[in-house]
Amino acid sequence: MSDPWNLDRPGRKIARTGTHRAATLEDTWRRLGPALRECGVTRVADVTGLDLIGIPVATAYRPNARSLSVSQGKGVSRAASRVSAAMEAVEHAHAEMIDRPLRLSRPAELGPAALDPRGLPRTADGVLDDVTPLLWIDGADVRTGEPRAVPYEAVSLDFTLPPALTGHGLSRDSNGLAGGNTALEALVHALCELIERDAAALWDLRDALFQAGARIDAATLTDPETARLLDLYDRAGVEAALFDLTSDLGVPVVLCHIVEAEPDPFRPLPAATGLGCHPCPPIAVQRALTEAAQSRLITISGARDDVTRERYAQTTDTGGVTELRDALRATLPHARPLTITGADHDLLGDDLDWLLDRLAAAGLDQVTAVDLTRPSLGLPVVKVLVPGLEGAGALTGEPTLPGPRARALGAEPADA
């Protein structure tokens with residue numbers, strides 16, 4: 001089989017603090033430079049100081065974007081948050097302006113050479129069947145390199161396109177969209193995000209007792225970087241509650257809720273949520289902790305163009321914040337050590353193989369990626385799709401129709 005992703009390269013990890021990358025953060029930032037200009041990014045700003053926590057958060061601005069014009073990034077250092085924000089902006093730009101051949105076909109005409117769109121996350125809008133024509137873009141199986149067509153609607157983030165081209169009900173979001181120093185790095189990041197969102201959607205269906213029983217005892221987390229992040233929250237008077245969302249896939253997924261310990265009606269600050277997924281458990285925890293700080297700063301900064309009036313209104317609802325704080329405190333007696341072992345590899349290739357094996361063990365072996373890399377930039381960007389994984393849940397965005405994994409937990413079935 002062909003190897004479109006250069007997976008025969010082992011992909012040694014160079015950066016290993018708070019994230020795993022195939023190059024140092026400084027080298028990654030230099031590599032991003034030309035991409036920022038070509039993708040229309042006018043500014044990358046450090047907004048950490050808008051909050052009291054001190055966990056680094058950065059913002060990247062693209063005024064002419066066809067989806068989000070403001071992207072945010074987080075990390076355990078300012079360099080990491082800057083790279084994170086810039087990479088997200090570049091990823092979105094690649095998915096908005098796709099320079100790849102498209103074809104219009106009915107799913108039945110393509111048969112096994114294409115992903116069945118009904119296995120992908122979708123909403124109640126639009127029609128998906130064997131005979132309605134869709135636009136398709138070429139992808140490839142991540143493990144074998146075998147060509148496979150995927151619906152363009154599930155890849156493109158160009159929200160200026162007419163509904164006739166993208167109005168068939170497939171979820172249109174950045175879930176599974178990732179860039180990196182190498183294709184290996186991008187593929188690992190994309191799969192972690194897909195697995196994270198699937199776990200969050202399943203978590204939404206669990207009852208309160210089950211969720212309380214997943215509370216992680218923060219005192220048992222001995223990794224120094226994790227302890228430092230928790231200390232930053234404590235010093236800022238913010239309570240951080242961690243929960244183990246790891247699903248049957250066995251890939252570590254962690255949820256972090258943060259809330260003011262003593263909500264102040266004269267200085268109302270929002271509660272926020274972060275999620276993290278990575279084969280290495282401490283990295284999953286750190287991603288959740290840093291994303292929670294980023295989520296809070298999204299509201300505080302007021303810059304994101306996808307934040308609704310209702311979300312801003314919640315900021316001033318100190319009664320709701322107090323209620324959430326008390327509910328989180330009630331889960332403390334259930335706290336337990338984080339026991340998921342995951343895997344800590346030295347090579348990104350081993351991470352990818354491990355993730356693919358975990359998916360295959362759950363019957364999710366059709367993993368397809370679309371290469372969105374622009375040759376002029378040479379910065380690998382991919383969109384990965386895994387039919388059968390659940391899409392967004394209430395924790396991560398507008399909920400999608402439940403798939404087979406959600407229905408197994410009692411979710412109401414979607415219409416065929």
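A charge sits over a ring if NZ of Lys or CZ of Arg is within 6 Å of the ring centre and within 35 degrees of the ring normal. The exercises below apply this and a few other rules to a predicted model.

**Exercise 1. Charges over rings**

Task: Find which ring Arg-206 lies over, and at what distance from the ring centre.

Solution.
- Arg-206 lies over the face of Phe-210.
- The distance from the ring centre is 4.2 Å, and the cut-off is 6 Å.
- Another case is Arg-172, which lies over the face of Phe-159 at 4.5 Å from the ring centre.

**Exercise 2. An aromatic pair**

Task: Decide whether the pair of Trp-203 and Phe-243 is stacked, edge-to-face or tilted.

Solution.
- Ring centres must lie within 6.5 Å to pair. The count by this rule comes to two aromatic pairs.
- One of them is Trp-203 with Phe-243, at 6.0 Å centre to centre and with 55° between the planes.
- Planes under 30 degrees apart count as stacked and those over 60 as edge-to-face, so the pair of Trp-203 and Phe-243 is tilted.
- Next, place the two residues. Trp-203 is in helix H5 (residues 183-204) and Phe-243 in strand E8 (residues 238-244), so that the pair links parts of the chain 40 residues apart.
- Both Trp-203 and Phe-243 are buried.
- Together with Phe-210, the residues Trp-203 and Phe-243 form one aromatic cluster. Phe-210 is also the ring under Arg-206.

**Exercise 3. Cysteines without a disulfide**

Task: Explain why Cys-192 has no disulfide bond.

Solution.
- A disulfide is a covalent bond between the sulfur atoms of two cysteines.
- The cut-off for the two sulfur atoms is 2.5 Å.
- For Cys-192 the closest cysteine sulfur is in Cys-277, at 4.4 Å, which is too far for a bond.
- Cys-280 is treated in the same way: its closest cysteine sulfur is in Cys-192, 11 Å away, again too far for a bond.
- The number of disulfides in the model is zero.
- Both of these cysteines lie under the 20% limit for buried residues: Cys-192 has a relative accessible area of 2%, and Cys-280 one of 8%.

**Exercise 4. The nonpolar core**

Task: State which element gives the most residues to the largest nonpolar core, and which residues have the most contacts inside it.

Solution.
- The largest nonpolar core has 42 residues.
- Several elements give two or more residues to this core, among them H5, E8, strand E9 (253-260) and strand E12 (381-385).
- H5 gives the most, with 12 residues.
- Leu-191 and Val-384 have the most contacts inside the core.
- Beyond four places in sequence, Val-384 touches residues including Leu-187, Ala-190, Leu-191 and Leu-194. The list for Val-384 also contains Ala-369, which stands opposite Val-384 in E12.
- The strands E11 and E12 pair in the antiparallel sense over four bridges.
- On another pairing of E11 (residues 368-371), two bridges join this strand to E5 (residues 134-141), and the two run antiparallel. Here Asp-141 has Thr-368 as its bridge partner.

**Exercise 5. A covered strand**

Task: Decide whether the faces of E9 are covered or open, and name the strands that pair with E9.

Solution.
- In a regular strand the side chains alternate between the two faces of the sheet.
- On one side of E9 are Val-253, Leu-255, His-257 and Val-259, and on the other Val-254, Cys-256, Ile-258 and Glu-260.
- All of these residues are buried, and both faces are covered. By count, eight of the eight residues of E9 are buried.
- E8 pairs with E9 in the antiparallel sense over seven bridges, with Phe-243 opposite Leu-255.
- E10 pairs with E9, also in the antiparallel sense, over six bridges, with Val-254 opposite Gly-276.

**Exercise 6. A buried glutamate**

Task: Determine whether Glu-196 is buried or exposed, and which residues it contacts beyond four places in sequence.

Solution.
- Glu-196 is found in helix H5.
- Its relative accessibility is 6%, so Glu-196 counts as buried.
- Beyond four places in sequence, Glu-196 is in contact with Val-253, Leu-275, Gly-276 and Cys-277.
- Gly-276 is the residue of E10 that Val-254 stands opposite.
- Glu-196 and Leu-255 are 59 residues apart in sequence, and their C-alpha atoms are 9.5 Å apart in space.

Terms used: Residues numbered from 1 in each chain as written. Predicted model: local features only at pLDDT ≥ 70, side-chain atom pairs only at ≥ 80, totals over all residues. Heavy atoms only, no water. Buried < 20%, exposed > 50% of the residue type's maximum accessible area, 1.4 Å probe, protein only. Core = buried A, V, L, I, M, F, W, Y, C linked by side-chain atoms within 4.5 Å. Contact = heavy atoms within 4.5 Å. Pairing = 2+ DSSP bridges.
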